[in-house]
Amino acid sequence: MHFKFRPARKGTRHLIVIFTSIRADMDWLDFDHDGPLLAHNRANLLWIYDKFGAEYSYYLAEGRSFDIEESVAQLVQEVLVSLELTSKDCTMVGMSKGGSAALRLGIRCDARNILALTPQLAIGSYLLNRKRTEIIRFMSGSAERQDVEWLNSLVPDRIRTDANRDRNVYLVTSPYDPHCIDYLDPVLPHFRGYSNFSLLSTASDLARNHLQTLHYNIPMVVSLLGILAEGLAPRFGEDSNGFGFDGSGHRDRHFKLGQKFGGLLPGPSRTT
């Protein structure tokens, strides 16, 4: 197991577990341990590398065996115990591949908060479309149609079968983020079953693909992690951030924006 840890400051009693995306170098970490993005976050920070073999595993499986997922869950539990914390003091976060892992392992570890930025909800289809069949083979044992379908089921099935609906789940995406938005409809009713589910879909000409959506939203995600580290859990409901489009149209029928941008989602409920 390869990981880095930074202890909490200012008496903060919270653990944030950070999962990585697919990177050009497996030694790189998202929200880098030595970088500026989380320099002011006061929580205990645990960065875990996805280095369990020759290829990425999404922190889940090799050859359809979930020993990797169990090992990661055990590490998180041991760190929580060593800090005299519980799963109620834990946030799981990741972007892209890391967002997929945060969703599945966040539920596995019963984390109070899950923050997924542009996750791949259908892992198999994403890997197949990007011609990353070596990862499909590593995780599934082969790269046949049934292997892609099996990988596609890993995140949605965990969400559907989650017995604890009293957790805070934050999902950040955009209409131009096919990794997430193209596969959201079937699982959206199950997301909405959580007591505090927030879906934030970015309306901006600066978020016109998966990578741009990710980069645009990093400042917001970093700010939210600072709030979660303080033991607070804001409620956004289903709404959009950003400052609109230029009128050139939207990518497809999955236009998941709040009413203030003419979209389909109801927006957060507000009381006066």
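## Working through helix 2 and its neighbours

**Exercise 1.** Does the span of helix 2 agree or disagree with what its twelve residues should give?

*Solution.* Start with the stretch itself: helix 2 covers residues 97-108, twelve residues in total. At 1.5 Å a residue, you should expect a span of 16 Å. The end C-alpha atoms of this helix are 17 Å apart, so the two values agree. Keep in mind that this is a predicted model.

**Exercise 2.** Work out how many residues of helix 2 are buried, and what that says about its surroundings.

*Solution.* You'll need one cut-off: a residue is buried when its relative accessible area is under 20%. Now go along the helix. Lys97, Gly98, Gly99, Ser100, Ala101 and Ala102 are buried, and Leu103, Arg104, Leu105, Gly106 and Ile107 are too. That makes eleven of the twelve residues, so helix 2 is largely enclosed by the rest of the structure. For the wider setting, buried residues make up 54% of the 272 residues in the protein.

**Exercise 3.** Which residues lie on each side of strand 4, and are they buried or exposed?

*Solution.* First, recall how a strand is built: in a regular strand the side chains alternate between the two faces of the sheet. Next, sort the residues. One side has Cys90, Met92 and Gly94, and the other has Thr91, Val93 and Met95. Every one of these is buried, so both faces are covered. With six of its six residues buried, strand 4 (residues 90-95) is largely enclosed by the rest of the structure.

**Exercise 4.** Find out which strands pair with strand 4, and in which direction they run.

*Solution.* Take strand 2 (residues 15-19): five bridges join it to strand 4, and the two run parallel. One bridge pairs isoleucine 16 with threonine 91 of strand 4. Then take strand 5 (residues 113-117), which is also joined to strand 4 by five bridges and also runs parallel to it. Here methionine 92 has isoleucine 114 as its bridge partner. Finally, put the pieces together: strand 4, helix 2 and strand 5 make a right-handed β-α-β unit.

**Exercise 5.** What surrounds serine 96 and lysine 97?

*Solution.* Place them first. Serine 96 sits in the loop between strand 4 and helix 2, while lysine 97 belongs to helix 2. Then check their burial: serine 96 has a relative accessible area of 7%, so it counts as buried, and lysine 97 is buried at 0%. Now look at the contacts, leaving aside neighbours within four places in sequence. Serine 96 touches several residues, including Ser21, Thr118, His179 and His210. Among the contacts of lysine 97 are Asp50, Tyr56, Tyr58 and Tyr59. Ser21 and Gln120 are in contact with serine 96, and Ser21 and Gln120 are also in contact with lysine 97.

**Exercise 6.** How many disulfides does the structure hold, and how far is cysteine 109 from the nearest cysteine sulfur?

*Solution.* The count is zero disulfides. For cysteine 109, the nearest cysteine sulfur is that of cysteine 90, 6.9 Å away. A disulfide needs the sulfur atoms within 2.5 Å, so cysteine 109 is in no disulfide. As for burial, cysteine 109 has 15% relative accessibility, so it counts as buried. Cysteine 180 is buried as well, with a relative accessible area of 0%.

Key: Residues are numbered from 1 along each chain as its sequence is written. This is a predicted model: local features need pLDDT of at least 70, side-chain atom pairs count only at pLDDT 80 or more; totals for chains, interfaces and linings use all residues. Side-chain values use heavy atoms; hydrogens and water are left out. Buried means under 20% relative accessible area, exposed over 50%, partly exposed in between (1.4 Å probe, protein chains only). Helices (H or I, at least four residues) and strands (E, at least two) are DSSP runs, numbered from the N terminus. The expected span of a helix is 1.5 Å times one less than its number of residues. Two strands pair if DSSP finds at least two bridges between them. A crossover is right-handed if, with the strands pointing away from the viewer, the path from the first strand over the helix to the second runs clockwise. Contact means heavy atoms within 4.5 Å.
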